[in-house]
Amino acid sequence: QVQLVESGGGLVQPGGSLRLSCAASGTIFSIDTMGWYRQAPGKQRELVAFIRSGGSTNYADSVKGRFTISRDNAKNTVYLQMNSLNSDDTAVYYCNAGKSYSNTYYPAYWGQGTQVTVSS
(Lines give C-alpha, C1' and ligand atoms only; values in the text may rest on other atoms or scores of the structure.)
Protein backbone atom coordinates (compact mmCIF):
# COMPACT_ATOMS: atom_id res chain seq x y z
CA GLN A 1 0.00 0.00 0.00
CA VAL A 2 1.01 3.57 -0.66
CA GLN A 3 -0.12 6.43 1.53
CA LEU A 4 -0.34 9.95 0.15
CA VAL A 5 -0.55 13.13 2.20
CA GLU A 6 -1.30 16.43 0.46
CA SER A 7 -0.70 19.97 1.64
CA GLY A 8 -0.73 23.50 0.29
CA GLY A 9 -4.31 24.19 -0.70
CA GLY A 10 -6.19 27.32 0.28
CA LEU A 11 -7.80 30.53 -0.90
CA VAL A 12 -6.06 32.64 -3.53
CA GLN A 13 -7.06 35.64 -5.61
CA PRO A 14 -7.42 35.40 -9.39
CA GLY A 15 -4.01 35.66 -11.01
CA GLY A 16 -2.30 34.35 -7.91
CA SER A 17 -0.19 31.25 -7.29
CA LEU A 18 -0.22 28.21 -5.02
CA ARG A 19 2.02 25.20 -4.64
CA LEU A 20 0.63 21.83 -3.66
CA SER A 21 2.79 19.10 -2.17
CA CYS A 22 2.18 15.39 -1.79
CA ALA A 23 4.38 13.03 0.18
CA ALA A 24 4.23 9.30 -0.50
CA SER A 25 5.09 6.51 1.92
CA GLY A 26 4.71 2.75 2.05
CA THR A 27 5.46 0.41 -0.86
CA ILE A 28 6.98 3.07 -3.08
CA PHE A 29 8.61 0.48 -5.32
CA SER A 30 5.17 -0.46 -6.65
CA ILE A 31 4.66 2.91 -8.36
CA ASP A 32 6.51 4.83 -11.06
CA THR A 33 4.19 7.73 -11.72
CA MET A 34 2.61 10.39 -9.55
CA GLY A 35 0.06 12.97 -10.48
CA TRP A 36 -2.82 15.25 -9.66
CA TYR A 37 -6.51 15.13 -10.47
CA ARG A 38 -9.10 17.71 -9.54
CA GLN A 39 -12.85 17.79 -9.11
CA ALA A 40 -14.89 20.96 -9.25
CA PRO A 41 -18.42 21.16 -7.80
CA GLY A 42 -20.89 19.43 -10.10
CA LYS A 43 -18.18 18.21 -12.47
CA GLN A 44 -16.37 14.97 -13.07
CA ARG A 45 -12.91 14.39 -11.70
CA GLU A 46 -10.31 15.30 -14.32
CA LEU A 47 -6.62 14.70 -14.80
CA VAL A 48 -4.44 17.77 -14.23
CA ALA A 49 -0.91 16.44 -14.70
CA PHE A 50 1.34 13.48 -14.08
CA ILE A 51 5.06 12.85 -13.90
CA ARG A 52 6.96 9.62 -14.42
CA SER A 53 9.94 8.52 -12.36
CA GLY A 54 12.29 9.62 -15.11
CA GLY A 55 10.84 13.12 -15.05
CA SER A 56 8.71 13.21 -18.20
CA THR A 57 5.40 14.98 -17.76
CA ASN A 58 1.90 15.28 -19.20
CA TYR A 59 -0.57 18.11 -18.67
CA ALA A 60 -4.21 18.76 -19.32
CA ASP A 61 -4.66 21.38 -22.04
CA SER A 62 -6.46 23.65 -19.58
CA VAL A 63 -3.37 24.03 -17.38
CA LYS A 64 -0.52 23.93 -19.89
CA GLY A 65 1.77 26.92 -19.50
CA ARG A 66 0.33 27.75 -16.06
CA PHE A 67 0.94 24.65 -13.94
CA THR A 68 4.19 22.79 -13.41
CA ILE A 69 4.48 19.33 -11.90
CA SER A 70 7.76 18.17 -10.41
CA ARG A 71 9.00 15.49 -8.08
CA ASP A 72 11.77 14.84 -5.62
CA ASN A 73 12.43 11.11 -5.80
CA ALA A 74 14.68 11.20 -2.74
CA LYS A 75 11.77 12.56 -0.69
CA ASN A 76 9.06 10.61 -2.53
CA THR A 77 7.26 13.90 -2.97
CA VAL A 78 5.46 15.44 -5.91
CA TYR A 79 4.66 19.13 -6.30
CA LEU A 80 2.19 21.11 -8.35
CA GLN A 81 3.09 24.75 -8.90
CA MET A 82 -0.01 26.61 -10.02
CA ASN A 83 0.32 30.10 -11.50
CA SER A 84 -2.14 32.52 -13.10
CA LEU A 85 -5.01 30.88 -11.27
CA ASN A 86 -8.58 31.65 -12.26
CA SER A 87 -12.00 30.69 -10.99
CA ASP A 88 -12.10 27.63 -13.27
CA ASP A 89 -9.25 26.18 -11.21
CA THR A 90 -11.39 26.08 -8.07
CA ALA A 91 -11.66 22.42 -7.11
CA VAL A 92 -10.56 19.74 -4.73
CA TYR A 93 -7.14 18.57 -5.86
CA TYR A 94 -6.23 14.92 -5.36
CA CYS A 95 -2.72 13.55 -5.35
CA ASN A 96 -2.35 10.05 -6.73
CA ALA A 97 0.24 7.44 -7.57
CA GLY A 98 0.41 4.44 -9.85
CA LYS A 99 1.86 3.25 -13.14
CA SER A 100 1.92 4.68 -16.65
CA TYR A 101 2.06 2.76 -19.93
CA SER A 102 2.13 4.15 -23.46
CA ASN A 103 1.44 7.68 -22.29
CA THR A 104 -1.57 6.66 -20.21
CA TYR A 105 -1.58 7.02 -16.45
CA TYR A 106 -3.25 4.46 -14.18
CA PRO A 107 -3.49 5.83 -10.65
CA ALA A 108 -3.88 3.18 -7.99
CA TYR A 109 -3.59 5.20 -4.80
CA TRP A 110 -5.26 8.47 -3.84
CA GLY A 111 -4.79 11.15 -1.25
CA GLN A 112 -7.61 12.69 0.74
CA GLY A 113 -7.76 15.83 -1.37
CA THR A 114 -7.01 19.48 -0.70
CA GLN A 115 -9.30 22.39 -1.50
CA VAL A 116 -8.14 25.15 -3.82
CA THR A 117 -10.43 28.16 -4.07
CA VAL A 118 -9.74 31.02 -6.47
CA SER A 119 -11.82 34.03 -5.54
CA SER A 120 -11.51 37.76 -4.95
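**Exercise 1. Find what share of the contacts with a separation of 6 or more joins residues 24 or more positions apart.**

Step 1. A contact means heavy atoms within 4.5 Å.
Step 2. In the protein, residues 24 or more positions apart account for 55% of the contacts with a separation of 6 or more.
Step 3. Note the source: this is a predicted model, in which local features need pLDDT of at least 70 and side-chain atom pairs count only at pLDDT 80 or more, while totals for chains, interfaces and linings use all residues. Residues are numbered from 1 along each chain as its sequence is written, and side-chain values use heavy atoms, with hydrogens and water left out.

**Exercise 2. State how many helices and strands the protein has.**

Step 1. Both are DSSP runs numbered from the N terminus: helices are H or I with at least four residues, strands are E with at least two.
Step 2. The protein has zero helices and 11 strands.
Step 3. Along the sequence this gives the pattern β-β-β-β-β-β-β-β-β-β-β.

**Exercise 3. Compare the radius of gyration with that of a compact globule.**

Step 1. The radius is taken over C-alpha atoms, and the globule rule is 2.2 Å times the number of residues to the power 0.38.
Step 2. For 120 residues, a compact globule would have a radius near 14 Å.
Step 3. The protein has 13 Å, which agrees.
Step 4. For the extent, the C-alpha trace spans about 40 × 25 × 25 Å along the principal axes.

**Exercise 4. Locate the disulfide and describe its surroundings.**

Step 1. A disulfide is a pair of cysteine sulfur atoms within 2.5 Å.
Step 2. A search of the whole structure finds one. Cys 22 and Cys 95 form it, with their sulfur atoms 2.0 Å apart.
Step 3. Cys 22 lies in strand 3 (residues 18-26) and Cys 95 in strand 9 (residues 91-101), so the link ties together parts that are 73 residues apart in sequence.
Step 4. The angle about the S-S bond is -80°, and the link of Cys 22 and Cys 95 is left-handed.
Step 5. Buried means under 20% relative accessible area, exposed over 50%, and partly exposed in between (1.4 Å probe, protein chains only). Cys 22 has 0% and counts as buried; Cys 95 also has 0% and is buried.
Step 6. For the protein as a whole, 43% of the 120 residues count as buried.

**Exercise 5. Describe phi, position and exposure for Asn 76 and Ser 102.**

Step 1. Asn 76 is not a glycine, yet its phi is positive, about 50°. Ser 102 has a phi near 50°, a positive value in a residue other than glycine.
Step 2. Asn 76 is in the loop between strand 7 (67-72) and strand 8 (77-82). Ser 102 is in the loop between strand 9 and strand 10 (104-110).
Step 3. Asn 76 is partly exposed at 26% relative accessibility, whereas Ser 102 is exposed at 74%.

**Exercise 6. Place Gly 9 in the sequence and in space.**

Step 1. Gly 9 lies in the loop between strand 1 (2-7) and strand 2 (10-12).
Step 2. With 33% relative accessibility, Gly 9 counts as partly exposed.
Step 3. Neighbours within four places in sequence are left aside; Gly 9 is then in contact with Leu 18, Leu 20, Thr 114, Gln 115 and Val 116.
Step 4. Gly 9 and Val 92 are 83 residues apart in sequence, and their C-alpha atoms are 8.7 Å apart in space.
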